[in-house]
Amino acid sequence: MCTLEKRGNLFILTFTGEDQHRFNPNLIGSLLSLLSQVKAEATRGSALITQAQGKFFSNGFDLDWAQAAGSEQGAAERLHHMVALFKPVTAALLSLPMPTVASITGHAAAAGFVLALSHDYLIMRKDRGVLYMSEVDIALTIPDYFNALFREKIGDASVRRDLLLRGLKMKGDEAEKRGVVEAAYGSEAEVREASVRLAENLGKRKWHGEVYAEIRKGLYPQLSAILGLTHKAYTIARL
């Protein structure tokens with residue numbers, strides 16, 4: 001389950017409960033609905049923080065739901081269905097007319113890592129939680145938009161190799177050192193505080209939301225193309 005709170009100019013999207021926050025059609029649908037609400041209510045000065053309760057930011061797709069289909073073919077079809085359903089989540093974050101911050105206080109694995117990386121800034125905890133792309137370890141290929149996200153968001157090829165081809169479980173200190181996250185802190189409270197502080201400071205700039213979104217899409221052209229997002233080459237907005 002996920003909830004949305006409005007706190008001044010900040011939108012706080014929270015995965016609630018102590019479970020692994022795995023993405024199945026129900027949770028993906030709820031997430032898309034809340035992101036649509038955020039976009040509809042956006043004003044200058046808005047910013048989004050995505051966070052989670054418990055030990056996990058998100059542990060990726062709900063593989064138990066996929067396997068409950070009862071056959072290998074049925075499980076594969078359900079997995080492909082979740083991959084397709086999740087694609088608009090990445091598109092929604094890439095086109096959101098405001099700065100976005102992922103506040104990561106637990107494990108972010110597979111699609112959970114992708115969700116975090118779809119934000120503009122990642123703030124992570126040092127003492128608990130890892131960033132992990134599990135696909136190579138569990139014999140799953142990586143969707144095209146996942147690959148495009150990693151190519152364009154993580155510039156260092158050796159970091160991408162370690163994450164995608166070695167299945168490296170990257171802790172906060174290493175993620176900060178290698179440029180995957182903006183900063184890492186020693187406790188959950190520090191991560192929450194730093195995320196709010198960053199989002200508030202970004203919001204104070206009161207950027208034009210549509211222009212901000214267009215610049216972001218232009219920054220990641222391959223990903224935008226795969227997601228089906230159109231990019232206006234030049235936009236003049238009323239200040």
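Let me start with Ala-110, which is buried, with a relative accessible area of 8%. In this predicted model, Ala-110 sits in the loop that runs between strand S6 (107-109) and helix H4. Its backbone deserves attention: although Ala-110 is not a glycine, it has a positive phi of about 50 degrees.

A second residue should be described alongside it. His-21 is likewise no glycine, and its phi is positive, at about 50 degrees. His-21 is placed in the loop between strand S2 (10-15) and helix H1. Is His-21 buried or exposed? With a relative accessibility of 2%, His-21 counts as buried, because the limit for that class is under 20%.

Allow me now to step back to the chain as a whole. The chain contains 11 helices and nine strands. Measured against the rule for a compact globule, which would give a radius of gyration near 18 Å for 239 residues, the chain has 17 Å, and the two agree. Along its principal axes, the C-alpha trace spans about 55 × 40 × 35 Å. Buried residues account for 51% of the 239 residues. As for contacts between residues at least 6 apart in sequence, 71% of them join residues at least 24 apart.

On the surface, the accessible area of the chain comes to about 11,200 Å², and carbon and sulfur atoms hold 50% of that. The side chains include 29 positive and 26 negative ones, and the centres of these two sets lie 5 Å apart.

I turn next to the interior. The largest nonpolar core has 58 residues, and those with the most contacts inside it are Phe-23, Phe-86 and Leu-131. Helix H3 (residues 72-94) supplies the largest share of this core, namely nine residues. Apart from this core lies another, of 13 residues, including Leu-10, Ile-12, Ala-183 and Leu-202.

What does Phe-23 touch, leaving out residues up to four places away in sequence? Its partners include Phe-15, Ile-28 and Leu-31, together with Met-82 and Phe-86. Also among them are Ala-111, Gly-112 and Leu-115.

Helix H6 (residues 144-153) is my next topic. Its buried residues are Tyr-145, Phe-146, Ala-148, Leu-149, Phe-150 and Lys-153. In an α-helix there are 3.6 residues a turn, so residues three or four places apart point the same way. The cover over the buried residues of H6 includes H3, helix H4 (111-117), helix H5 (135-138), helix H7 (157-164) and helix H11 (221-227).

Another lysine belongs in this account. Lys-217 is part of helix H10 (residues 209-219). Lys-217 counts as buried because its relative accessibility is 8%. Which residues are in contact with Lys-217, leaving aside its neighbours within four places in sequence? They are Leu-94, Ser-95, Ser-224, Leu-229, Thr-230 and His-231.

I close with Thr-43, found in the loop between helix H1 (25-40) and strand S3 (47-52). Its relative accessibility is 46%, and Thr-43 therefore counts as partly exposed. Thr-43 and Tyr-185 are 142 residues apart along the chain, and their C-alpha atoms are separated by 30 Å.

Definitions and conventions:
Residues numbered from 1 in each chain as written. Predicted model: local features only at pLDDT ≥ 70, side-chain atom pairs only at ≥ 80, totals over all residues. Heavy atoms only, no water. Helix = DSSP H or I, 4+ residues; strand = E, 2+ residues; numbered from the N terminus. Rg over C-alpha atoms; globule rule 2.2 N^0.38 Å. Buried < 20%, exposed > 50% of the residue type's maximum accessible area, 1.4 Å probe, protein only. Contact = heavy atoms within 4.5 Å. Areas by Shrake-Rupley, 256 points an atom, 1.4 Å probe, with all protein chains shown as cover. Lys, Arg positive; Asp, Glu negative; His and termini not counted. Charge placed at Lys NZ, Arg CZ, Asp CG, Glu CD. Core = buried A, V, L, I, M, F, W, Y, C linked by side-chain atoms within 4.5 Å.
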